[in-house]
Amino acid sequence: MQPMHRSSALLLTALSALPLSGCCSLARLFCGPDRSPWVSIDFRTPERAVRTFLEALRRDDPEVVYRALSRGFRSANRLDGAIAKVAWDRIREHYPFLHVAGYAEVPPPRRRDPDHADVQIEVEGTPVRIELVRESYWEVRYSRPGTGPEQPFGPPGRWGAPLATLAETVRVENTTTEFSPDRSRVVIAPLEFQHQMIDEVPLELIESAGVYREWKIAALRQLTR
């Protein structure tokens, strides 16, 4: 067996002492997509939405990349109706800098108004502005009855739709009184949903029902200094 070259031995020793994230930061092409378990997929705030998007880029996960995009972004880039893998390939062609964007640091967002925010990141020394929009939708999730005692529940079901404005379905009523100050009531309009393969959905089979808001990527802009 040939003796190991001293420089190779030193390199292996140094790499073995580094955590895996350090290895990937030095040699991302050799590490490939990150396959460790997801920490979270979260679109509740602008910062969490950007972190989810960047983690999806780092892991080369087309499904989550597609979920992170706003309806407006998909329409502007002709991604409506495209499967996630096809959409991801088109995005990489149009935004080539994204292949290393997953390792960028995420600074605090700048809120322009209640429904719009910006986050500016550095991608290999180039500033990139991520514009976000808050989208609304309603959804009902339910269980289907099973086939018998050994299988009491069937596959889950869900139904919902996007909302152009939250006011379509929700209103807030001030219920403050002299004896009960600082109170309001959120009123949600009836949610009519379809349930395939079953005639009715008893209340006990409803898993969740409501109106939700999520932050999504509205635009990606590579800036000049």
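**Entry 1: confidence**

I looked up the confidence of this predicted model and found a mean pLDDT of 85 for the protein, with 83% of its residues at 70 or more. I then compared the elements: helix α1 (residues 6-17) has the lowest mean pLDDT, 44, whereas strand β1 (residues 110-113) has the highest, 97. Over residues 6-22, I noted that pLDDT stays under 50. For that stretch the model has five contacts beyond four places in sequence.

**Entry 2: the nonpolar cores**

Next I turned to the nonpolar side chains. In soluble globular proteins, nonpolar side chains tend to be buried together. Here I found that the largest nonpolar core holds 36 residues. Within this core, Phe-53, Leu-54, Leu-98, Ile-217 and Leu-220 touch the most other members. I traced the elements that each supply at least two residues of the core: the helices α4 (46-59), α5 (62-67) and α7 (84-94), together with the strands β2 (116-123), β3 (126-142) and β9 (206-222). The largest share, six residues, comes from α4.

I took Phe-53 for a separate look. Setting aside residues up to four places away in sequence, Phe-53 touches Val-65, Ala-68, Leu-69, Leu-98, Ile-217 and Leu-220. Apart from the largest core lies another core, of five residues. I recorded Trp-138, Val-140, Val-170 and Val-211 among its members.

**Entry 3: Ser-143**

I located Ser-143 in the loop between β3 and β4 (145-148). Is Ser-143 buried or exposed? Its relative accessibility is 10%, so I entered Ser-143 as buried, the limit for that class being under 20%. I also looked up its partners. Beyond four places in sequence, Ser-143 touches Phe-153, Leu-205 and Glu-207. With Glu-207 there is also a polar contact between the side chains, at 2.4 Å.

**Entry 4: positive phi outside glycine**

I finally examined two residues with positive phi that are not glycines. Asp-60 lies in the loop between α4 and α5, and its phi is about 55 degrees. I entered Asp-60 as partly exposed because its relative accessibility is 30%, which falls between the limits of 20% and 50%.

Where is Arg-78 placed? I found Arg-78 in the loop between α6 (71-76) and α7. Its phi is near 55 degrees, a positive value although Arg-78 is a residue other than glycine. The relative accessibility of Arg-78 is 71%, and I therefore listed this residue as exposed, the class for values over 50%.

Terms used: Residues numbered from 1 in each chain as written. Predicted model: local features only at pLDDT ≥ 70, side-chain atom pairs only at ≥ 80, totals over all residues. Heavy atoms only, no water. Core = buried A, V, L, I, M, F, W, Y, C linked by side-chain atoms within 4.5 Å. Buried < 20%, exposed > 50% of the residue type's maximum accessible area, 1.4 Å probe, protein only. Helix = DSSP H or I, 4+ residues; strand = E, 2+ residues; numbered from the N terminus. Contact = heavy atoms within 4.5 Å. Polar contact = N/O pair within 3.5 Å; in protein donor to acceptor, adjacent residues only side chain to side chain. pLDDT = per-residue confidence, 0-100.
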